[in-house]
Amino acid sequence: MYSRKIIVLAALAATGFCTYADSPATLSYSDITTEDVTGMPDMAMPAKWTFDDCIKWAVENSTSVRRSLLSILQADQETGSAKDAYLPTVNFSTSHSITNYPKHEVGRTSTTYGSSYGINASWTVWEGNVRKYRLESAKIMREQQELSGDDAIKELKLGILQAYLNIMYAREAVEIARQTLEVSTKQTERARRLMESGRTSKVDFSQIESQMAQDQYSLVQAEGNLNSSKIALKKLLMLGLDCDMEIADITFSDDDVTAILPPREQVYDFAASWLPSIKSNDLSQQIYTNDIKTAKAGYLPKLSLQGGIGTGYNSGGDGWSAQMGRAFNENVGLSLSIPIFDGNSTKRAVNKAKLASLEYDLNRTQLLDDLSHTIESLYIDATSAQARYIAGITQLEATQLSADFVNRQFELGMVNPVEFLIAHNNLANSRLEQLQNKFMAILANKTIMYYATTQVELP
């Protein structure tokens, strides 16, 4: 049961980033059991993690998703309780007593035993439709818990997108650091031979050797950043220390970096129509309305039906069976309660419910404002990174040509180490800056497309 249910969750989560022909359009939260919350997943750990694998694994193992399932189970119980309020209550009662008469009459025993037995039922016929409003609210609250599950998956997808791209960035940064080190290592060996032949000084050699050491440190640091990025992703996937995670390669083209963005107003409008947090707040409006109606029910009369059967027995008289038969009785009745004055408690309850309903407007304003700022920030990040990336292409080409030229001159002994080091570091910094612009643009672009379509495709 757990495996089948969680695969449905994982499939929908994956559709947020990749296109699947057989993926469900909506997430099914029906027939959830406690096994879905606590059961062990069946998904095998992949040898090489693709983005799709990360999404599926995260949803299947995520504590936040399982908590959402648990909250839905709890909401089902609240809905059941609201339905049960329409049922009558039935109880059996019995009492037993012993009475002692110290100065009893002649011919009467000093101690008597008495007992009574009864089955009583009560049913509320009408109470101002309070049960109806509470049942409606309970069903809406379940929908809100489902939306909470959708929101947890949304946060997982965005978190995994960022973590996955961070790994891609860190991996390319390692490659840049390795290539930079190869150049400085080669030039250090060249400088060593020049020093040994007397064509350069020990000071010049020391400068070149120091740069190689710095490049070695940069490589170690880049590898550390890559490992840290993997740890961040492993944390989202809830993988243990014993998991040696290998990420599948992804190649991004210039089109992925400079992709045209949809109009921001269009993205905002669509995101406002589907984001789980906004939809959940919209549902709360009906709950607030029901709370007001429930409070106003305090002004209305209440009608209830009671009925029961009973009998009893007292010692000192006829036999037990005879008394029980004679004392057997049946009763039925109606109770009508009409409120006249309740110390303004209903009035206060209505006012409190109306004030609480104002929370809906405040929350909606805040949510839409947050969404507006989020989308605006994403567009600023995307357009700025795209512009820097496009400008950086020409700059990087020029820096590369300059570095190659200086490197060749250094090999011929035509430039001093300072000029070589400047050109060397300029190239490394330019490559890293261009790499940063590239992945900042991709992350912002993919996030915008998520808000615009609920789908983002990675190559």
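Colleague: In β3, which residue is the bridge partner of Trp126?

Modeller: In this predicted model, Trp126 has Leu303 of β3 as its bridge partner.

Colleague: What makes strand β2 and strand β3 a pair?

Modeller: Two strands pair if at least two bridges are found between them. Strand β2 (residues 111–126) and strand β3 (residues 302–314) are joined over 12 bridges, in the antiparallel sense. The criterion is therefore met.

Colleague: What is the order of the strands in the sheet, and why are β1 and β4 said to stand at the edges?

Modeller: The open sheet is formed by 4 strands in the order β1-β2-β3-β4, with antiparallel pairing. β1 (89–100) and β4 (329–337) each have a single partner strand, so one side of each lacks a neighbour in the sheet. From one strand to the next, the twist averages 20 degrees.

Colleague: Which helix packs on the sheet, and how do you know that there is touching?

Modeller: Helix α10 (residues 320–327) does so, touching β2, β3 and β4. A contact requires heavy atoms within 4.5 Å. The direction of α10 makes about 155 degrees with that of β3.

Colleague: How do you know that the span of α11 agrees with its number of residues?

Modeller: The 67 residues of α11 should span 99 Å at 1.5 Å a residue, and the end C-alpha atoms are 93 Å apart, which agrees. α11 nevertheless has a kink of about 35 degrees, centred on Gly392. Gly413, with a positive phi near 75 degrees, follows α11.

Colleague: What span is expected of helix α9, and what does the model give?

Modeller: For the 21 residues of α9 (residues 276–296), 30 Å is expected, and the distance from the first C-alpha to the last is 31 Å, which is close to that value.

Colleague: Why are residues of α9 such as Ile287 and Tyr288 called buried?

Modeller: The word applies under 20% relative accessible area. Ile287 and Tyr288 are among the buried residues of α9, which also include Pro276, Ile278 and Ala295, so their relative accessible area lies under 20%. The cover over the buried residues of α9 includes α5 (130–196), α8 (264–274) and α11 (345–411). Over the whole protein, 40% of the 459 residues count as buried.

Colleague: What radius of gyration would a compact globule of 459 residues have, and what does the protein have?

Modeller: Such a globule would have a value near 23 Å, but the protein has 38 Å. The C-alpha atoms fill a box of roughly 140 × 45 × 45 Å along the principal axes. The secondary structure within comes to 12 helices and 4 strands.

Technical notes. Residues are numbered from 1 along each chain as its sequence is written. This is a predicted model: local features need pLDDT of at least 70, side-chain atom pairs count only at pLDDT 80 or more; totals for chains, interfaces and linings use all residues. Side-chain values use heavy atoms; hydrogens and water are left out. Helices (H or I, at least four residues) and strands (E, at least two) are DSSP runs, numbered from the N terminus. The expected span of a helix is 1.5 Å times one less than its number of residues. Buried means under 20% relative accessible area, exposed over 50%, partly exposed in between (1.4 Å probe, protein chains only). Axes are lines fitted to C-alpha atoms, for helices over the stretch in contact, and angles run from 0 to 180 degrees between N-to-C directions. The bend at a residue is the angle between axes fitted to the seven residues ending there and the seven starting there. The radius of gyration is taken over C-alpha atoms; the globule rule is 2.2 Å times the number of residues to the power 0.38.
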